Structure formats: C-alpha cells, structure tokens
Amino acid sequence: MTHTMFERSCRLFNTAGQFIAGGVTSAVRAGARPHPLYFDHGEGSALWDVDGNRYVDFALGYGPLILGHAPPIVREALHAQIDRGMTFGSQHRLEIEAAELLVAAVPGAEQAIFATTGSEAVAAALRVARGATGRPLVVKFEGHYHGWFDGIFVSTAYDPALSGPAERPRVVPQTAGTAPSSSADTIVAPWNDLMATAALLEEHRGQIAAVMLEPLAVNGGVIPPDPGFLAGLRALTRAHGALLVFDEIITGFRLALGGAQEHYGVSADLAVFAKAIAGGVAFSAVTGSRDLLHVVAEGRVVHNGTFNGNPIAAAAAVATLRYLTENQHEVYPRLHALGARLADGLSSAHPDLRVRQVGPVLNAAIGEPQSVRSIRDRAGRNVAAYERFVEGLLGRGVHTTPRGLWYLSTVHTEADVDVAIEAAKAMFARPTAILAGAEA
Ligand SMILES: Cc1ncc(COP(=O)(O)O)c(C=O)c1O
C-alpha cells in the first residue's frame, strides 16, 4: 500500500508532535500504523480522513459510538441543549431523566452517581465500595483494564518476566509515575480461575472491599467468563462480605440493554458505565442499590466533579438510552446477528485469523490458540502480523483498532460487514505478506 494516501494525515501528525507530547492525546492511539491518522468527519458507519479516504469504521471511537457517527437523535438533543446552556454546575431535569433511564435498564440498579470518564467512574465505585464496607483491599483480574488511575492500572498486560505465577499473578504497574503505595491495596487474581480467586479472598478474609472485573474481559481480547465463573464470583463475594463490582464500560448497553448483567444473568452490587452510555459524548455513571449508595447520599463518601451530570452529556445520555430502551427488541438481536456474521466471515479469511465474538464486540488476532481462557494463553500471538493486517485494511476502506478489537453499531449493515470480510479475504490472498511481512 502506498502511504501517499495519508499525506495530509502524515503532515498533521508531524506538526502535532511539536505541540502535543507524543503527537497523540491518548497513549493507545500512538500504535496506529503507518502512523496515527487524522479524521475529518463521520456519519453512520462511515468515517472520512483528512486525505478524503472513506472507511467503514469498526473502531467506533473505541466504543462510545453505539449509534454510529453523529447520530441524528443525539445531535438534535445536543443542539436543543446547547442553546439553553452548556453547564450549570447545578441541578437540571435531564440528569434525573438520565438516572431514571439508567435505573430502568440496569438489573439491580436503584440509584446512580455520575462522572465524566470511565476512569473517574471506576475511582468513584471503588471509593463507594471502600466507604460502604470499611475495608481497604480491591481485587482485580489480570488482563482487565479499568482506566488509567493509580492503584487500578496494574497487570493489564502479561509480561513473562514480571507477571509471576499464573495462579497468583503479581501486581505490575503499567506505567511509570504511579505512587508506589497506590497499588499496595490492590490484589490481582487470575481470570477464569475460581479456586485461585477463592484462595486469595480467604487469605485476606475481612479485608476485601470489592472484587472488580470486566464481566467479559474485552480489553484482554474478548475473553468470556467460563460457564459458572461469574456466578461463582457472586457467591464468593457474598460469602466474604465483599462487593462485586462490574466494570460495564464496554459491555454496558452493548451486550444487552442491561449489559453483561442481563446477558450473563448475574447481578453485581455496583456497576460502572461510560462509552456507549451517551452515544459519543463523555459521560459516565456508577449504579447500585439505594442501601449501598447511601454512603454518598449521606455525604460520608464524597463524590465531587464540576462536569458531573452536565446538561450536554446528560442530553446525549437521555437521547441514547431512550433510543436503546425503546428499540431494544430489534437492536440487540440485530447487533448479535451482525457480530456473528462478521466473526464467521473474518475467521473464514485464513485459519490463522482467530476471532472471539460476543454480540457486537469482537477480538481478532493472528496466531493464537483455539481456546483462550486468559491473557496468558494469548502470549504467542503475532502482534506485528496483525498490525500489518489492520494497516492493509485501511487501503481497502476498512478502519479498525490496531490491537484486535472490533465494534459494531446499530447503523452498521450487512453490506458494511461484508466489506470487511471481503477486505480480509483479499488481504489473506497473499498470506505471507501479512504473516511474514514479505513484500509483494
Ligand atoms: C473496561 C474499561 N474500563 C475503564 C475504561 C476507562 O475509561 P475512560 O477511557 O473513559 O477513562 C475503559 C477504557 O477503555 C475500559 O475499556
């Protein structure tokens, strides 16, 4: 592929490097090949870059765009609110409406608190958990990502030199610059190993405030919970008086209207939402029972934030949640069917292209085993080959994330999905170009 197709993007990226540290504004974006692209506009399932290239988009802003790019109903809600004021730093009706819709959609939710990003909502949930239980420790799982804040941004990746034994992973900070004490109250458990998790809870009996997890381990590569694993965690946490906290930042409103809790039939004590909740606008929430969120209501756990529940974000959330609620019986079966079509089609492109899919979330990778139950099972995958594959897809009008995640929205069509499948097949018509990086 010729890189002249990205000439303007390339120039902008070079300029950005002079004024923005690293040239990108979130570290994950630095990994794009041949270099981070600059986009001009998006509409529905399509995205245009500044060089005029059109793509069917399967990255979807890393998840928020459940209704596609620039959805008309969200735009209308935003326009209506912008004319009335952007933020009040005070109460307004839309935040109540957003909370009502959220509580109606999420199993077990009676109340909500709001923040802006997923990382903030995770921090708020952990504070509620510690405040409500009076306990210090948080258990998370290896390979699960819960945002970039100190203490919880640990052991998201597997590094054979650092990660320790499988059944007792070490707490490995994923960045320089965290306070060493911040991860002292974090314990890392192995995903899909209930016995080992039970042993950790037993070892720290009476000290564990929360067990936090992505109920579908999307960031680790869409690794589903083994049958019975979530129910096992539910029982374990109850027995230990620890709270079960689902990070539904990706799964929320995506696997089902009620997220992973509805999809897997297991209810958490607290759940955290962001991304799809507001159809592309920054907005996040924690839901739980009235009894638990009482610690916030009475002011014992302090939850602040200038932009919490701001009317722009709340307007987008209300529009998105109302649409998904009213259309859930068409939307979710369709998203699951499209996901299955994309997964089948991509898998058929080449035996080395392995795809895991749950509803409209997929992970594709090259050269990993058929059965993957934890990120350690994925250690042998060919990251460079997959990046070559993703780069090649750009030249065929398909945009997706460089690390393997694919998302679908309510406005993707079967024809969009087939564009991706055909592109993948065309790429693998010369497998050595991808697998070995051989020139044509
Ligand atoms: C499961 C999960 N939790 C938390 C976060 C952090 O959310 P944010 O990037 O909005 O801070 C992410 C972001 O990708 C996520 O995927």
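Which helix gives the largest share of the shell around the ligand? Let's find out, keeping in mind that this is a predicted model.

**Start at the ligand.** Select the ligand and the 14 residues that surround it. Thr 117, Gly 118, Ser 119, Gly 147 and Ile 249 are the closest of them. Now colour residues 118–133: this is helix α4, and its 3 residues are the largest share of the shell. If you colour the shell by class, you will find 6 nonpolar, 6 polar and 2 charged residues.

**Zoom out to the whole protein.** In cartoon view there are 13 helices and 14 strands to look through. Along the principal axes, the C-alpha atoms fill a box of roughly 65 × 55 × 45 Å. The radius of gyration is 21 Å, which agrees with the value near 22 Å for a compact globule of 440 residues. Buried residues account for 51% of the 440. Of the contacts between residues at least 6 apart in sequence, 70% join residues at least 24 apart.

**Colour the two domains.** Select 3–70 together with 329–435 for domain 1, then 72–326 for domain 2, as given by the domain assignment. Their centres, taken over C-alpha atoms, are 25 Å apart. Where they touch, domain 1 brings 26 residues and domain 2 brings 31.

**Finish on the domain 1 side of that contact.** Select α10 (328–347), β11 (353–358) and β12 (361–366); each supplies at least two residues to this side. The largest share, 4 residues, comes from β12. Coloured by class, the side of domain 1 that touches domain 2 shows 15 nonpolar, 7 polar and 4 charged residues.

Terms used. Residues are numbered from 1 along each chain as its sequence is written. This is a predicted model: local features need pLDDT of at least 70, side-chain atom pairs count only at pLDDT 80 or more; totals for chains, interfaces and linings use all residues. A residue is near a molecule or strand if its C-beta atom, placed from the backbone, lies within 6 Å of it. Ala, Val, Leu, Ile, Met, Phe, Trp, Tyr, Cys and Pro count as nonpolar, Asp, Glu, Lys and Arg as charged, and the others, Gly among them, as polar. Domain bounds come from an automatic or database domain assignment. Two residues are in contact if their C-beta atoms, placed from the backbone, lie within 7 Å. The radius of gyration is taken over C-alpha atoms; the globule rule is 2.2 Å times the number of residues to the power 0.38. A residue is buried if 20 or more other C-beta atoms lie within 10 Å of its own, exposed if 12 or fewer, and partly exposed in between; C-beta atoms are placed from the backbone.
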